[in-house]
Amino acid sequence: MKTKPFLAPLGTLVLLFAATPAAAQQAASAAAPPPGSSTTPTPPPMSQEALIEQAMGLTGSVTDESEWQDLGIAIPAFATNRDQPTPANTQGTAALGQELARVVYADLRNNGLFRPTGPDSLPQPSYAQITAPEYATWRGRSAEMLVHGYVRAGADDRLTVGCYLYDVQLQREVVREGWVVAPGEWRRAAHKCADLVYSRLSGEDPFFDSKIAYIAETGPKDNRVKRLAIMDSDGANHRFITGGTSMALTPRYSPDYSKILYLSYLNGFPRIFTYDIATGQQTLVTENRNPTFAPRWAPDGQHILFSMATAGNTEIYRVRATGGQPVRLTDSPGLDVGGSYSPDGSRIVFESDRSGSQQCYIMDADGSNQRRISFFGGRCATPEWSPRGDLIAFTHIAGDLRVAVMTPSGGGMRHLTRSWQDEAPTWAPNGRIVQFFRTQRGSGEASLWQVDVTGRNERRLPTPVGASDPAWGPVLP
Amino acid sequence: MHKYAIALTAAGALALGACSRNAPEELPPAPQMPTTTAPTPGPATPGAAQPGTQAHFMQMMSGRDTIYFDTDRYNIDSQDQVALQAQAQYMMQYATARATIEGHADERGTREYNLALGERRANAALNYLVSLGVPANRLTTVSYGKERPKSMGANESAWAQNRRAVTVVLN
């Protein structure tokens, strides 16, 4: 567990069933059937797992065309051992249990995953039923899978949340996990539960328990106020970071979520600052009179890429996150901008107009071996390497701006969106969803959107005001 | 015969290019004259801005404070040169005046590239002013990319007005 002060709140999310902390055991009161508190549960043997997968028609390679998309999943309210006050919900832990199930349901439904049914249209299981489901009830509701959960408030206000996935047909538990969270972090437990269900049934990596940094936009088109803001992956826990006096652009979460890199016009000139989330302190990434922009983290969080214009010509530089002398990686008369590391940190994809128009290039992390990869017509801008490494998302400019993907060698280009102006893709932590911002023609109003890497299931992410420059962070530590 | 045809085509293309690259005839609104009830400090006559200030510069330039660019371009053409020569004369006449050149791009590009492009355009203007004798230490640049459009429209003529470099005298 992290010991840095800013991570303290996050560090309280303890994996319960894996670690089985003593506190959690004590939290289980003697009265009710203590779900999951018997002994450390062992995962089902491989043979069972294979059986389940066979029964559900799953195969080794899972795409969104697989049958898991059609699985009906019932997500009734999480039960509580004793309805009692909690700082997480003014109405107590029973109401909180309802909210937890709603978050799990919304995660799956809003992302077009499975055919979920939420707690508001389902009977509520008792606390005892969480570990012993009434399979007949759920079979009657044509649910193939069942999510059960419970929430208990401890003496220290901390919450213990358990999450169980059952196969209704086989009448068997598929997986379970539990977490101990501070009251303010209760939504994380729900996201963890959604992640557990999603990753177990799809074979994909989790992504719900993550955050997004972006730019909140208000005001008229010629004098728009742009503020740094953050929120959870589902838009909850929204928070403005900057006040809007200085224009803020292009944020990027550090891999450990402790800092945000972003561009600010503080003092009138565009330069990159590091914002420390715990202390609220801001520091210049590099002391220089030249404008710096397009900040990016290296996957290890130890280095930062930035673009700097000198006498009008922009090149890409790398500097240690702690400061020091920047190293120039590009050297061309064209504008070299941005940069996104491959997941292993060995290569960087960036954009350059050295050929006469914006195109995408790849170089080794030390700046050597620069070569163009985009040869499909139009312009290639804002390339972002998928966390899986298999694809690069970018803005394809050919009249309109559209989000597209290609392989790291520039092959297999395909559009994910078709609109007037979609730009600046950022990846979900598991590389299955691309988020971007869409600008409305005329008003110039911007909003955040997501689309599956298959190009399907395009949806808008609600934000309190206009929104641009989304940056999706990794799964929370 | 052949040569003639080619020359004609080239001239036609040039004319076309000049048409599309410059903002429409429409000029920025005339600078606001201070009302006589607001006395300006210094020797300025009532109704006129004080020399060496942004208001005075705007008044003297009457639109030549701004130069316009083609999509993704940053070259200084003959029309830009006329405007920049007027700016340079002003800067040399008022030897203590300092100015910043704001570089802008239209909205039909990505945000970060447009920041780089705006900076390149501002520097093209700065370099030309310096070549005319304006001391470089009296000039700075700042790029706003596509963040501060002048024309609110979403069409070619609006975008042409927004691809610009604006010289602003620092008071």
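# Exercises on a predicted two-chain model

A:Ala143 is buried, having 24 other C-beta atoms within 10 Å; a residue counts as buried if 20 or more other C-beta atoms lie within 10 Å of its own, as exposed if 12 or fewer do, and as partly exposed in between, with C-beta atoms placed from the backbone.

This is a predicted model, in which local features need pLDDT of at least 70 and side-chain atom pairs count only at pLDDT 80 or more, while totals for chains, interfaces and linings use all residues. Residues are numbered from 1 along each chain as its sequence is written, and chains are lettered from A and ligands numbered from 1 in the order in which they are written.

## Exercise 1. The setting of A:Ala143

Determine where A:Ala143 lies and which residues it touches.

Step 1. A:Ala143 belongs to the loop between helix H6 (135–140) and strand E5 (145–153) of chain A. Helices (H or I, at least four residues) and strands (E, at least two) are DSSP runs, numbered from the N terminus.

Step 2. Two residues are in contact if their C-beta atoms, placed from the backbone, lie within 7 Å. Not counting residues up to four places away in sequence, A:Ala143 touches A:Gly72, A:Ile73, A:Ala74, A:Thr117, A:Trp138 and A:Val168.

Step 3. A:Ser443 is 300 residues from A:Ala143 along the chain, and their C-alpha atoms are separated by 45 Å.

## Exercise 2. Confidence and overall composition

Describe the confidence of chain A and its secondary structure.

Step 1. The average pLDDT of chain A is 89, and 86% of the residues score at least 70. Here pLDDT is the predictor's confidence in each residue, from 0 to 100.

Step 2. Residues 1–12 of chain A stay under 50 in pLDDT, and the model has 20 contacts for them beyond four places in sequence. The pLDDT is also below 50 over residues 18–64 of chain A, a stretch with 58 contacts in the model beyond near neighbours in sequence.

Step 3. Chain A contains 7 helices and 31 strands. Of its 477 residues, 49% are buried.

## Exercise 3. Domains and the nonpolar core

Identify the domains of chain A and the residues that touch the most other members of the largest nonpolar core.

Step 1. Chain A is divided into domain 1 (5–202) and domain 2 (210–475), with bounds that come from an automatic or database domain assignment. Their contact takes 9 residues from domain 1 of chain A and 12 residues from domain 2 of chain A. On the domain 1 side, helix H5 (residues 93–110) of chain A gives the most, with 3 residues.

Step 2. A nonpolar core is a set of buried Ala, Val, Leu, Ile, Met, Phe, Trp, Tyr and Cys residues joined through C-beta atoms within 7 Å. In the largest such core, of 128 residues, A:Leu100 and A:Val104 touch the most other members. Helix H7 (residues 186–202) of chain A supplies the largest share of this core, 9 residues. At least three residues of this core come from each of domain 1 (5–202) and domain 2 (210–475) of chain A.

Step 3. Leaving aside neighbours within four places in sequence, A:Val104 is in contact with A:Ile75, A:Val147, A:Ala190, A:Cys193 and A:Ala194.

## Exercise 4. The sheet around E16(A)

Work out how E16(A) is paired and why it is largely enclosed.

Step 1. Of the 8 residues of E16(A), 6 are buried, so this strand is largely enclosed by the rest of the structure.

Step 2. E15(A) and E16(A) pair in the antiparallel sense over 4 bridges; two strands pair if DSSP finds at least two bridges between them. A:Trp297 has A:Ile304 in E16(A) as its bridge partner. The two strands form a hairpin with 5 residues between them, and A:Gly301 in the turn has a positive phi of about 70 degrees.

Step 3. E16(A) is joined by 8 bridges to strand E17 (residues 313–320) of chain A, in the antiparallel sense. A:Leu305 stands opposite A:Arg318 in E17(A).

Step 4. The open sheet has 4 strands in the order E15-E16-E17-E18 (chain A), with antiparallel pairing. Its edge strands are E15 and strand E18 (327–328) of chain A, each pairing on one side only.

## Exercise 5. The contact with chain B

State how many residues of each chain take part in the contact between chains A and B.

Step 1. 31 residues of chain A are in contact with 21 residues of chain B.

Step 2. Among the elements that give two or more residues to the chain A side are strand E15 (292–297) and strand E16 (303–310) of chain A.
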